[in-house]
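Biologist: I've got this model open and I'd like a close look at one part of it. Could you walk me through the strand pairing around one stretch of sheet, and then through whatever else is worth a look?

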Amino acid sequence: MAFTFDNTYDKLSAQFYAHVAPTKVRGPRVVKVNRPLATLLGIDPDALDSPEGAQVLSGNTPVDGASSIALAYAGHQFGHFVPQLGDGRAILLGEVVGTDCKRRDVQLKGAGRTPFSRGGDGRAALGPVLREYVVSEAMAALGVPTTRALAAVLTGEPVIREEVQPGAVLTRVASSHIRVGTFEYFAARDDYKAVAALATYARRRHFPEVSAPKNDALALLECVIRAQAELVARWLGVGFVHGVMNTDNTSVSGETIDYGPCAFLDEYDPKKKFSSIDRAGRYAFANQPRIAQWNLVKLAEALLPTMGEDEDEAARLATEQLERFPAIFETAHARVLRAKLGLRVEHDEDSALAADLLERLAANEVDYTLFFRRLCGSAAGAAADAETASLFAHPTAFHDWAVAWRQRLAREETAPEERACAMRLVNPALIPRNHRIEEMIVAAVVRQDFEPFHTLVEALGRPYEERPAFAFLSEPPKPDERVRATFCGT
Ligand code: AMP
Ligand code: MG
């Protein structure tokens, strides 16, 4: 099996990881191989999508040149610091440079116990593996920075969770697995030599265009602040609720990582949270920017002692960067909303127009995705307004707002059809709706029926197109289909 590894993380010093081999499983079987992604990584899709491929993707067959390491990290979970987390069930095979010249980690998630497993079994259950596969690939197709799914395989062994589930392994691809919590791990041990080395490594790997002759830590902080602000703005644009924005689930590359209890909004509700363990709504939809900033403060705290001799000056510079986060986020969010509304030029009153709309969506419990997709029709002509307004409990709430929107559109030169077309490239017809994800998991886990999984992957690969065969996936849930809570289910 040809993986052309080019490993660098395992050249960092020994405290960054533990060498560990995957634990063999009884009966590996491929559920799905992501063929286009395999090709991008320079791996033969046919070789992966075979019984021999299943042996590799389950960890049974060692791969030549693999690092085979579990990474050390710590993290703040729901605001509380846990000094040792680490890859408890994930093993980094190694790094691959794709045909696009980008370096990516290839990791087996659910490959058995590691020195970081604590009480866990080192395994992943089929349900969460399929959820991560579908949602991370959907996010990629939506244009949101994210880790990807290269493959899902069954292990042929059961795992015991709330109920017994088939075991599975997800092959996860990420631009790296360096988290805010990775820096916290070394800072908590007063190992600032490691913090500094990691800052240099991460800055070079993720932000090579930024020069930092003196201070990688400060340069990195600035880059991560931008990347996270951009990421969360994009989450809000598609109605994504991550659900566990702990610092160990916050990638410094600015990719979405760790799809646990994540969910998408159906009706627009800024207070919405789905995760059963997030009782206080810490990670609710509209809280996400604030939490991202909180996580960045933790990154800054870990980096601070490496930011230069003069600690007061370093603290001042770091604070200055952190205080920029809200404005950077607002700018990114405003840009996302302007595109959703079909606005090309930037005007001062645009944010108020968008805010007024969002309030109306919330008050009228309007489906977020459907609304913006129908708004594309309204952009082409007012004949579509009745259908758009019908999503509102009080249709006048839309008609009143649409008067101001059309006045604003009139200030731009774009032709209506052209505007509608541009809007359809940013307002998806399809998102991974929670009830469809649940339905897909039940089919696979309870009935060994993987048809819904394959259908979702196929449909969500082109979320901005309206294909009749997948029209049913654009429908919001009926009252009895609504998903009220999601579970980590690790
Ligand atoms: P997560 O909630 O998936 O972000 O995981 C939090 C921490 O728990 C990480 O250190 C994981 O590696 C670890 N963990 C989660 N599930 C398991 C498992 N089944 N076995 C061992 N460690 C696990
Ligand atoms: Mg995690």
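Modeller: I'll start with the strands, then go on to a few single residues, the helices and the metal site. Keep in mind that this is a predicted model.

Let's begin at strand β9, residues 148-160. On one side, β9 pairs with β2 in the antiparallel sense, over four bridges. On the other count, nine bridges join β9 to β10 (residues 164-174), and these two strands also run antiparallel. The link from β9 to β10 is a hairpin through three residues. A handy residue to click on is Ala152 in β9: Lys32 stands opposite it, and in β10 its bridge partner is Leu170. So much for the pairing.

Now step back a little in sequence to Gly27, which is in the loop between β1 (17-19) and β2 (29-33). Is Gly27 buried or exposed? Its relative accessibility is 32%, so Gly27 counts as partly exposed. Leaving out residues up to four places away in sequence, Gly27 touches Leu154, Thr155 and Gly156. If you want a distance to check on screen, take Gly27 and Ala54: they are 27 residues apart in sequence, and their C-alpha atoms are 9.0 Å apart in space.

Further back still, in the segment before β1, you'll find Asp10. Asp10 has a relative accessible area of 18%, and because the cut-off for buried is under 20%, Asp10 is buried. Its side chain makes a polar contact with the side chain of Ser67, at 2.7 Å. Setting aside neighbours within four places in sequence, Asp10 is in contact with Tyr17 and Ile69 as well as Ser67.

On to the helices. Helix α4 covers residues 126-142. With 17 residues at 1.5 Å a residue, α4 should span 24 Å, and its end C-alpha atoms are indeed 24 Å apart, so the two agree. Most of α4 is covered, with 14 of its 17 residues buried. Just after α4 comes Gly143, which takes a positive phi of about 90°.

You can run the length check again on helix α6 (residues 192-206): its 15 residues should span 21 Å at 1.5 Å a residue, and the end C-alpha atoms are 20 Å apart, which agrees. The buried residues of α6 include Ala194, Val195, Leu198 and Tyr201, but also Arg203, Arg205 and His206. What covers them includes two strands, β6 (90-97) and β7 (103-109), along with the helices α5 (180-188), α7 (216-238) and α8 (288-303).

Then there's α14, residues 416-424, where the buried residues are Arg419, Ala420 and Met423. These cover an arc of only 100° around the axis, which puts them on the same side of α14. They pack against α9 (311-341), α11 (368-380) and α13 (396-409).

Last stop, the metal. The magnesium ion, ligand 2, is coordinated by Asn249 through OD1 and by Asp258 through OD, at 1.8 to 2.1 Å. Both Asn249 and Asp258 are buried.

Key:
Residues are numbered from 1 along each chain as its sequence is written. Chains are lettered from A and ligands numbered from 1 in the order in which they are written. This is a predicted model: local features need pLDDT of at least 70, side-chain atom pairs count only at pLDDT 80 or more; totals for chains, interfaces and linings use all residues. Side-chain values use heavy atoms; hydrogens and water are left out. Buried means under 20% relative accessible area, exposed over 50%, partly exposed in between (1.4 Å probe, protein chains only). The arc is that of the directions from the helix axis to the C-beta atoms. Contact means heavy atoms within 4.5 Å. Two strands pair if DSSP finds at least two bridges between them. The expected span of a helix is 1.5 Å times one less than its number of residues. Donors are N, O and S atoms within 2.8 Å of the metal (3.2 Å for Na, K and Ca); water is not among the atoms, so sites may look incomplete. A polar contact is a pair of N or O atoms within 3.5 Å; within protein, one must be able to donate a hydrogen and the other to accept it, and residues adjacent in sequence count only if both atoms are side-chain atoms.
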